[in-house]
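Let's take a walk through this one together, starting with a turn and ending with a helix. Keep the model open as you read.

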Amino acid sequence: SSGINAEYGGAVGTPTVMFFFNSRPLQKMPVTLTNITSMAGYVANVTDLTPASPLELLESDHEGVQLLHSFDWVLLFSVLFLSGSTCYNILSTQAGKRLLERFKLKRE
């Protein structure tokens, strides 16, 4: 797995499609292919396979697709943890302790 990642540039932010032949990686689909027609042409060039039906997206193709719009709890906890640990580390220093003492004196 790490050999394939090193040879083909690793994982990217878009879905990666790789072609294998006899258990060896043959080719990685370029990221520049942005529509279904160019992807089908690329697959046809690599595999000599052609689509059995027309390449048109219909309204029925989008049925059942649900986008997830949920709250990102991991991000919230990460931000809270980073904020808390940063405040703790700053207040643990001598300058942080002096700042805290000044704040306590002003409140009294």
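**A hairpin, then two helices**

Start with Ser23, which sits in the loop between S1 and S2. One thing to keep in mind as you look: this is a predicted model. Ser23 has a phi near 65°, a positive value in a residue other than glycine. How accessible is Ser23, buried or exposed? Its relative accessible area is 73%, and because over 50% counts as exposed, Ser23 is exposed.

Asn22 is in that loop between S1 and S2 too. Its phi is near 55°, again positive in a residue that isn't glycine. Asn22 comes out at 60% relative accessibility, so it counts as exposed. Put the pieces together and you have a hairpin of S1 and S2 with 2 residues between the strands, where Asn22 takes that positive phi.

Now step out of the loop and onto the strands themselves. S1 covers residues 18-21 and S2 covers residues 24-28. In which sense do strand S1 and strand S2 pair? They run antiparallel, and the pairing is made over 4 bridges. You can pick out some of the partners by eye: Met18 has Lys28 in S2 as its bridge partner, while Phe19 is bridged to Gln27, also in S2.

From the hairpin, move along the chain to helix H2, which takes in residues 36-47, and find Met39 there. Is Met39 tucked away or out in the open? Somewhere in the middle: with 34% relative accessibility, Met39 counts as partly exposed, because the partly exposed class lies between 20% and 50%. Which residues does Met39 touch, if you leave out those up to four places away in sequence? The answer is Met29 and Leu33. For the Met29 pair, the two residues are 10 apart in sequence, and their C-alpha atoms are 8.4 Å apart in space.

The last stop is helix H3, spanning residues 73-92. H3 has 20 residues and reaches 28 Å from its first C-alpha to its last. That is close to the 28 Å expected at 1.5 Å a residue. Before you leave H3, look at its N-terminal end. What caps it? That would be Asp72, with a side-chain oxygen that lies 3.4 Å from the backbone nitrogen of Val74.

Technical notes:
Residues are numbered from 1 along each chain as its sequence is written. This is a predicted model: local features need pLDDT of at least 70, side-chain atom pairs count only at pLDDT 80 or more; totals for chains, interfaces and linings use all residues. Side-chain values use heavy atoms; hydrogens and water are left out. Two strands pair if DSSP finds at least two bridges between them. The expected span of a helix is 1.5 Å times one less than its number of residues. A polar contact is a pair of N or O atoms within 3.5 Å; within protein, one must be able to donate a hydrogen and the other to accept it, and residues adjacent in sequence count only if both atoms are side-chain atoms. Buried means under 20% relative accessible area, exposed over 50%, partly exposed in between (1.4 Å probe, protein chains only). Contact means heavy atoms within 4.5 Å.
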